Amino acid sequence: MVYDGEKEENSNSRYMYGGCQCGVCSRDQCICPPQETQETSAPDLQNFHLAEIVVNGKRYIAGEYVRATSNIGILGEQDAMNLPISTTTLSEKAIKSFLSSTEGLSKVLSLVPSIQKKADGAVDEIYIRGFAEDGRGFMINGIPGMQANTRQSSNYIDSVDVIEGPATGIKGSSYKVAAGGTININSKQALDEPVNNIGLKWHSKGAFEETVDIGRRFGEGNRYGIRINASNVNGERSIKNWDLEQRNIYINLDQKTDDSKTNLMVGYTYTDSQGRPYGLTVASSYIGSALPTAPDGDINFNPVWRRDKHNNFVATLNHEQKINDHLSAFLNAGHFKQEFYHYTGFSKTLLNEAGDYTATANNGTLIEKRDYAQVGLRGDFKTGDLKHNYTLGVDRQWHYTGGARDSHTESGWNGNIYVGDPGNWPHPTFDQSDPCYTTRARTSGWSVMDIISTEDEKLNILVGLNGKAIKKDSYNKDGSHNKNTGHYYDVSPSYGINYTFDPTFAVYANHTEEFVEGKIVGTGYTNTGETLDPYKTKQNEIGMKFKTGNFFHKLSYFDIKQANGVDRANSDGTKTLVVDGERRHKGVEYTATGNIAEKWNLIGGFMHLDTEQKTSITATNGKRPNGIPDWIANLGVEYEASGAFSALLRGNYVGTSYVLDEKYKVPSYFTMDVGVKYKTKMNSTPVTLNAMCYNVFDKNYWSASSNNLFLGGPRTFMVSAEFEL
């Protein structure tokens, strides 16, 4: 492809592979008659030959599963080939192709080899490079803290950026940070052409879903746009006794001129999840020589009365205003609120190799609210032959949590994993009271970032500093202030270098840091309610990016260090949560995507992870952290037999991990999904028909997270039809 170095915004322009500019022959050497276009005739544009295409003004790697640019937080849209940071942006095509009705968005994210699905399909929880992250740490449209931890719909998502490694200065201040990386969700915007799509979908066992996707642009030069996405899901999932009712609507408004662009997204989701599956905690007194064999994947350990019922509301605002040719100002803001009207916690402890467990339950209401604001400047200037693209920003997030949970739990339930819910456990009764906010965290920060480039843009250097202040308070139920639980401040640097030897090969290196607030100790410890000391997470990474034909490769080595939180056993049988020593994750990661041959598209890769704890506690010193596998590998393949018919295959391998400090091994597992897609017409209406089978071989397996075990999903079927009206 010939790419002019600027982001393409004209949806009528197309670039094909290997140097053809006509968009017709798709040859390595164009055989069509010369065409006079603005792109080919402009004498001052620098040309690069890349395996990319442009669709609706967005650049994609060949095969269209991955975007060629990523939304890198405060840095804005950046070319993945030139940035000294490891990023992958999964496209809408990848989301539609690989989304699982049982496993949700986490299933799509695990296409990136550094990501492993962490828990069950009812929540968005993952590992990134071996460090835990959940939906509360995800960003939406570059705004941190705008996603819920519970299962959310994906019908409004245009693409997802995976930014690997700790980097507060890039993603802004947030109460929730992840050492392994950052997930950013980009909402759909209106396209130049009208969108009128209606979808119908059936999931086994008996869940139905209806979706609506409507988009329009209007005004002079299509200045304004509106995109509306809505869905309705109802019915029993592929896991027994899990009935999910979920409705949402997301409205995205945008405007674009030569001097400004604005995007406002507002979304609402209602969820009523009954019998939601969840895992088991392996008891410290577990009896057996090995873990029990995983039962059938459709077994549900939870009773039918286990219930989550909640509303989520989110709004994000992004605005950029050009001041002059070398300076612009930006504003990012967001509001998120989640209200659990009904929440039933149901905890299960696995006792022995026979699969017996005990369970306790608690009931209550939970509330959570997050507000965010960021303002800043972006500009450029020159010092000699070097060009500087700088960003200055200040931001703040307010995070409130609370609820009303009964002061006692009910226990006495006993079960077995091979039976699941026996069906005769009585529904516990708890007193309910009005919820109130009991904790508040205020996170403030400033960032100074500069990308320094040579005139030929072969050398790009990133330097930056981020200051972050964290203040935590607790409140009494009557709303009065209780006490300050932490007030911290630190400065974190970020720097990296990327050198492009030629348009097909680049090397990079970086050092990034994250300042993390001390954790508030939960229940079950002698120091419950105490705030641990804050700590730094640091990463060093080197890697290369290269293209072979229409195929993009990325190979990297990373080394991440983080303060280690461990349980310290006391002589009286109690335990205390302490920060002791460090946790170190060293890994090699390889990602590949593009066309492997005519009609064949591929996305995949692997990660090998070497992890170790260094502590003064004998039980954990030198041991692998619980639940972290040694290998992860993914492969997605699409065969486009014709413009109307294509077939899809995906394989997912997760290697061996351990629980209880390497006492018990969690076996590796491999699953496979297959599907077909067919485009046809009903009368004059274009229709896309899909059929998928997830976990084709009905593999029974455990997925580990810390000392918890989650049962893998069963064989699941899905059929759908999307009508373009």
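Is R136 buried, partly exposed or exposed? With a relative accessible area of 27%, R136 is partly exposed, because the buried class ends under 20% and the exposed class begins over 50%. The structure discussed here is a predicted model.

**Salt bridges**

R136 has a charged partner: its side chain meets that of D134 in a salt bridge, with 3.2 Å from N to O. D134 has a relative accessibility of 8% and therefore counts as buried. The pair thus joins a buried residue, D134, to a partly exposed one, R136.

The count for the model comes to 30 salt bridges. Three of these pairs are set out below.

| Pair | N to O distance |
|---|---|
| E92 and K188 | 3.3 Å |
| R129 and E164 | 3.4 Å |
| D134 and R136 | 3.2 Å |

What does the salt bridge between E92 and K188 connect? The side chains of E92 and K188 meet at 3.3 Å, N to O. E92 lies in helix α2, residues 92-98, while K188 lies in the loop between β15 (181-187) and β16 (195-203), so the pair ties together parts that are 96 residues apart in sequence. K188 is buried, its relative accessible area being 5%.

R129 and E164 form another such pair, their side chains meeting in a salt bridge of 3.4 Å, N to O. R129 is placed in the loop between β10 (125-128) and β11 (131-134), and E164 in strand β14 (residues 157-164), so this bridge ties together parts that are 35 residues apart in sequence. Both R129 and E164 are buried.

E92 and K188 also belong to a network of salt bridges. Which other residues does this network link? K96, D213, R227 and E722 are linked with E92 and K188 in it.

**A polar contact at H203**

H203 lies in strand β16, the strand that follows the loop holding K188. H203 has a relative accessible area of 3% and is buried. A polar contact of 3.3 Å joins the side chain of H203 to that of E209.

**A negative patch at the surface**

Which residues form the negative surface patch? The patch is made up of D385, E455, D456 and E457. Among them, E455 lies in the loop between β27 (436-453) and β28 (459-475). At 60% relative accessibility, E455 counts as exposed, because the exposed class covers values over 50%. Membership of a patch requires over 30% relative accessible area and no salt bridge, so the four residues D385, E455, D456 and E457 have no salt bridge.

Methods
Residues numbered from 1 in each chain as written. Predicted model: local features only at pLDDT ≥ 70, side-chain atom pairs only at ≥ 80, totals over all residues. Heavy atoms only, no water. Patch = residues over 30% accessible without salt bridge, like charges linked within 9 Å, V, L, I, M, F, W, Y side chains within 5 Å. Areas by Shrake-Rupley, 256 points an atom, 1.4 Å probe, with all protein chains shown as cover. Lys, Arg positive; Asp, Glu negative; His and termini not counted. Charge placed at Lys NZ, Arg CZ, Asp CG, Glu CD. Helix = DSSP H or I, 4+ residues; strand = E, 2+ residues; numbered from the N terminus. Buried < 20%, exposed > 50% of the residue type's maximum accessible area, 1.4 Å probe, protein only. Polar contact = N/O pair within 3.5 Å; in protein donor to acceptor, adjacent residues only side chain to side chain.
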